[in-house]
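Q: Could you walk me through reading a helix and its cysteines in a model like this one?

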Amino acid sequence: MRKASRLFEIIQILRLARRPVTAADMAERLEVTSRSIYRDIVALQAMRVPIEGGRGIGYILRPGFDLPPLMFSIEETEAIVLALALLERTGDRELKVAASRVGQKITGAVPEPLRQVFQSQALRAWGSIAAAPTAVDLALIRRAIRDEQKLALDYRDEFGRATERTVRPLALIYYSEQAMMVAWCELRQAIRNFRADRVEHCEPVEAFFRGEGDRLRQAWMAGWKT
């Protein structure tokens, strides 16, 4: 997690807390060291965020400090609730954790009665839950898409044939049963689909295709629509 995101997360944790929160508790939630949290607290205090407390006793956010409220209509809030519930049914572990954090943030930021929409649990997603692929982390693929970094794959096609590919990942499509990566395949010199559950090994390589992602996605979308 980048420092800017971590600072925001610390503020959110303290905003929603009913009692002082220790650095160890925040470190565990954010998957960093307590030392990093202490440094972040000092940085936030230097930015005049009214955090009080200390080591061993925990930290609180003094009343009166708040972030700008998020304003949604009831229908927009219901759309967010359902979208987060659907994310919980994917096989992407990192996105499922992120969806939970989003729900907590919005619950703490929106006014009544919008908060009741999140807390009532009246909207639910149902059906099978996609299994997480065993040999590839979908978060790795999403990062490679963002960074426009090539991936090396050991892949087995629908006929059971094993191949090695270097691909330029362009998109992830989430189905109810599995996820599929859309990528430019350097072996085939064309856009191909790769089912995540057929990937046997995946790792980034020290090669990038920066500036080409949007063009390749446009070509993919143009072919998909025809």
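Here is a short tour of one helix and then the cysteines.

A: First, the ground rules: this is a predicted model, where local features need pLDDT of at least 70, side-chain atom pairs count only at pLDDT 80 or more, and totals for chains, interfaces and linings use all residues. Residues are numbered from 1 along each chain as its sequence is written, and side-chain values use heavy atoms, with hydrogens and water left out.

Q: Which residues of helix H7 are buried?

A: An α-helix has 3.6 residues a turn, so residues three or four places apart point the same way. Helices here are DSSP runs (H or I, at least four residues), numbered from the N terminus, and buried means under 20% relative accessible area with a 1.4 Å probe, protein chains only. In H7, residues 138-147, the buried ones are Leu138, Ala139, Ile141, Arg142, Ala144 and Ile145.

Q: What sits at the ends of H7?

A: Asp137 caps the N-terminal end, with a side-chain oxygen 3.0 Å from the backbone nitrogen of Ala139. After H7 comes Glu148, with a positive phi near 55°.

Q: What does Arg142 touch?

A: Contact means heavy atoms within 4.5 Å. Setting aside neighbours within four places in sequence, Arg142 contacts Asp92, Glu94, Leu95, Leu172 and Tyr174. Its relative accessible area is 13%, so Arg142 counts as buried.

Q: How many disulfides are there?

A: A disulfide is a pair of cysteine sulfur atoms within 2.5 Å. This structure has zero. Cys185 is in none, and the nearest cysteine sulfur, in Cys202, is 13 Å away.

Q: Why is Cys202 not bonded to Cys185?

A: Because 13 Å between their sulfurs is too far for a bond. Cys185 is buried at 0% relative accessibility, and Cys202 is buried at 10%.

Technical notes: Buried means under 20% relative accessible area, exposed over 50%, partly exposed in between (1.4 Å probe, protein chains only). Helices (H or I, at least four residues) and strands (E, at least two) are DSSP runs, numbered from the N terminus. A polar contact is a pair of N or O atoms within 3.5 Å; within protein, one must be able to donate a hydrogen and the other to accept it, and residues adjacent in sequence count only if both atoms are side-chain atoms.
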